[in-house]
Amino acid sequence: MLRLDPQPAILDVASTLGVSEDAVALEAMLMRVRHDRRVRGHLNCTVECARFVNSVARQNGEPVWRTADRILYEWTQFRAMMHAGLIPTLR
């Protein structure tokens, strides 16, 4: 296995950004570390969807991530009830 010495790249980045080598090395190390507990995610959605979620979040005074989680949970529960025949289908 070929291993390249990362030090020259760290020196170049540090001099380009005008920060210390230690700061660049620390950030590079953190990028390589796997984080098992992700606290955030990214949801790619339409602008209209984002507006809807943001408006619901503002009305309820909750964080947007919690609103998105709640809306998705409620939607899956609604679909499960529809498939179980507890509520009529929308078709």
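Helices here are DSSP runs (H or I) of at least four residues, numbered from the N terminus.

**Figure 1. Overview of the predicted model of the protein chain.** The protein chain contains 4 helices and 0 strands, and from the N terminus on its elements follow the order α-α-α-α. Of the 91 residues in the protein chain, 12% are buried. The accessible surface of the protein chain is about 8500 Å², and carbon and sulfur atoms account for 59% of that surface. Taking contacts in the protein chain between residues at least 6 apart in sequence, 3% connect residues at least 24 apart.

**Figure 2. Packing of α3 against α4.** The helix α3 covers residues 47–60 and the helix α4 covers residues 64–83. Their axes lie 9 Å apart and form an angle of about 110 degrees. Angles of 65 to 115 degrees count as roughly perpendicular, and α3 and α4 are therefore roughly perpendicular to each other. On the α3 side the contact is made by F52, V53, N54, V56, A57 and N60; on the α4 side it is made by V64, T67, A68, R70 and I71. By residue class, the contact of α3 with α4 comprises 7 nonpolar, 3 polar and 1 charged.

**Figure 3. Close-up of E62 in the loop between α3 and α4.** E62 has a relative accessibility of 17%. Buried means under 20% relative accessible area, so E62 counts as buried at its 17%. The side chain of E62 forms a polar contact with the side chain of T67, at 2.8 Å. With neighbours within four places in sequence left aside, the contacts of E62 are A57, T67 and R70. A57 of α3 and T67 and R70 of α4 also take part in the contact between the two helices.

**Figure 4. Close-up of T67 in helix α4.** The relative accessibility of T67 is 0%, and T67 therefore counts as buried. Residues touched by T67, not counting those up to four places away in sequence, are V53, V56, A57 and E62. Among them, V53, V56 and A57 are α3 residues of the contact with α4, while E62 sits in the loop between α3 and α4. The side chains of T67 and E62 make a polar contact at 2.8 Å.

**Figure 5. Close-up of S55 in helix α3.** S55 is partly exposed, with a relative accessibility of 24%. The residue T67 lies 12 residues from S55 along the chain, and the C-alpha atoms of S55 and T67 are separated by 9.7 Å. T67 belongs to helix α4.

**Figure 6. Close-up of A28 in helix α2.** The helix α2 spans residues 21–32. A28 has a relative accessible area of 13% and is buried. The view includes I10, which lies 18 residues from A28 along the chain. The C-alpha atoms of A28 and I10 are 8.4 Å apart.

Terms used:
Residues are numbered from 1 along each chain as its sequence is written. This is a predicted model: local features need pLDDT of at least 70, side-chain atom pairs count only at pLDDT 80 or more; totals for chains, interfaces and linings use all residues. Side-chain values use heavy atoms; hydrogens and water are left out. Buried means under 20% relative accessible area, exposed over 50%, partly exposed in between (1.4 Å probe, protein chains only). Contact means heavy atoms within 4.5 Å. Accessible areas come from the Shrake-Rupley method with a 1.4 Å probe; for residues, only the protein chains shown count as cover. A polar contact is a pair of N or O atoms within 3.5 Å; within protein, one must be able to donate a hydrogen and the other to accept it, and residues adjacent in sequence count only if both atoms are side-chain atoms. Axes are lines fitted to C-alpha atoms, for helices over the stretch in contact, and angles run from 0 to 180 degrees between N-to-C directions. Angles under 35 degrees count as roughly parallel, over 145 as roughly antiparallel, 65 to 115 as roughly perpendicular and the rest as oblique. Ala, Val, Leu, Ile, Met, Phe, Trp, Tyr, Cys and Pro count as nonpolar, Asp, Glu, Lys and Arg as charged, and the others, Gly among them, as polar.
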